[in-house]
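Q: Could you take me through one part of this model closely, namely the sheet and what surrounds it? I would enjoy a connected account rather than a list.

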Amino acid sequence: MNEEILEDINISILDKMLHLNRTIFIIGEITTESAHQTKMELLYLDQISNDDITIMIDSEGGDIYTSVSLIDIMESCKSDIVTVNIGFCASMAAIILMSG
């Protein structure tokens with residue numbers, strides 16, 4: 001099998017395992033697209049059950065309005081949101097970290 005195919009399979013398995021563990025990552029700059037993906041994951045996991053959701057953050061921050069909308073979604077979830085700094089956390093990423 002091609003190495004790229006194996007890598008894609010491993011990433012897919014890893015994504016499924018992280019969702020089973022209710023873990024989401026915010027890595028790098030917070031953009032409209034990355035925040036949208038995170039919000040969709042939060043809403044999906046919150047609908048499945050009200051167990052804790054963990055957000056792992058390694059980000060320099062990003063767009064203010066987008067980050068605030070992410071915080072709004074975090075606050076609207078019935079699940080408790082646990083935020084963990086796993087690297088650099090500055091600007092709006094630090095505000096998101098404190099909002100968990």
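A: Here is a walk through the sheet, the helices lying across it, the pocket beside it and a few residues in the loops.

Please keep in mind that this is a predicted model. The sheet is open and has three strands in the order β1-β2-β3, with parallel pairing. At its edges stand β1, residues 23-27, and β3, residues 81-89; each has a single partner strand, so one side of each is left without a neighbour in the sheet. From one strand to the next, the twist averages 15°.

Let us look at the pairing of β1 with β2, which covers residues 53-59. These two strands run parallel and are joined by five bridges. One position to find on your screen is Thr 23, which stands opposite Thr 54 in β2. As for burial, six of the seven residues of β2 fall under the 20% cut-off for relative accessible area, so this strand is largely enclosed by the rest of the structure. If you follow the side chains by eye, it helps to recall that in a regular strand they alternate between the two faces of the sheet.

Now for the helices. Helix α2, residues 32-48, lies across β1, β2 and β3, and its direction is at about 170° to β1. Helix α4, residues 92-99, also lies across β1, β2 and β3, here running at about 150° to β3.

The strand β1 also takes part in the largest pocket. About 150 Å³ of space lies in that pocket. It is lined by 10 residues, and the closest to its centre are Asp 15, Leu 18, Thr 23, Phe 25 and Glu 41. Thr 23 is thus a residue to look at twice, as it faces Thr 54 across the strand pair and is also listed among those closest to the pocket centre. The elements that give two or more residues to the lining are α1 (3-20), β1 and α2. Of these, α1 provides the largest share, with five residues.

Between α1 and β1 there is a loop that deserves a pause. Asn 21 lies in this loop and, at 54% relative accessibility, counts as exposed because the cut-off is over 50%. Its C-alpha is 9.8 Å from that of Asp 51, although the two residues are 30 apart in sequence. Arg 22 has its place in the loop between α1 and β1 too, but Arg 22 is buried, with a relative accessible area of 7%. The backbone of Arg 22 is worth a look as well: its phi is near 60°, a positive value in a residue other than glycine.

A similar backbone feature turns up after the last strand of the sheet. Ser 91, in the loop between β3 and α4, has a positive phi of about 55° although it is not a glycine. At 48% relative accessibility, Ser 91 counts as partly exposed.

Finally, a word on the cysteines. Cys 89 is buried, with a relative accessible area of 19%, a value just under the 20% cut-off. Cys 77 is buried as well, at 9% relative accessibility. A disulfide is a covalent bond between the sulfur atoms of two cysteines. With the sulfur atoms required to be within 2.5 Å, the count comes to zero disulfides.

How values were computed:
Residues numbered from 1 in each chain as written. Predicted model: local features only at pLDDT ≥ 70, side-chain atom pairs only at ≥ 80, totals over all residues. Heavy atoms only, no water. Pairing = 2+ DSSP bridges. Helix = DSSP H or I, 4+ residues; strand = E, 2+ residues; numbered from the N terminus. Axes fitted to C-alpha atoms, helices over the stretch in contact; angles between N-to-C directions. Contact = heavy atoms within 4.5 Å. Buried < 20%, exposed > 50% of the residue type's maximum accessible area, 1.4 Å probe, protein only. 1 Å grid on protein atoms, 1.4 Å probe; cavity = no way out; pocket = protein on both sides within 12 Å on 5 of 7 lines; lining within 4 Å. Points joined across faces, edges and corners; volume = space filled by probe spheres on them.
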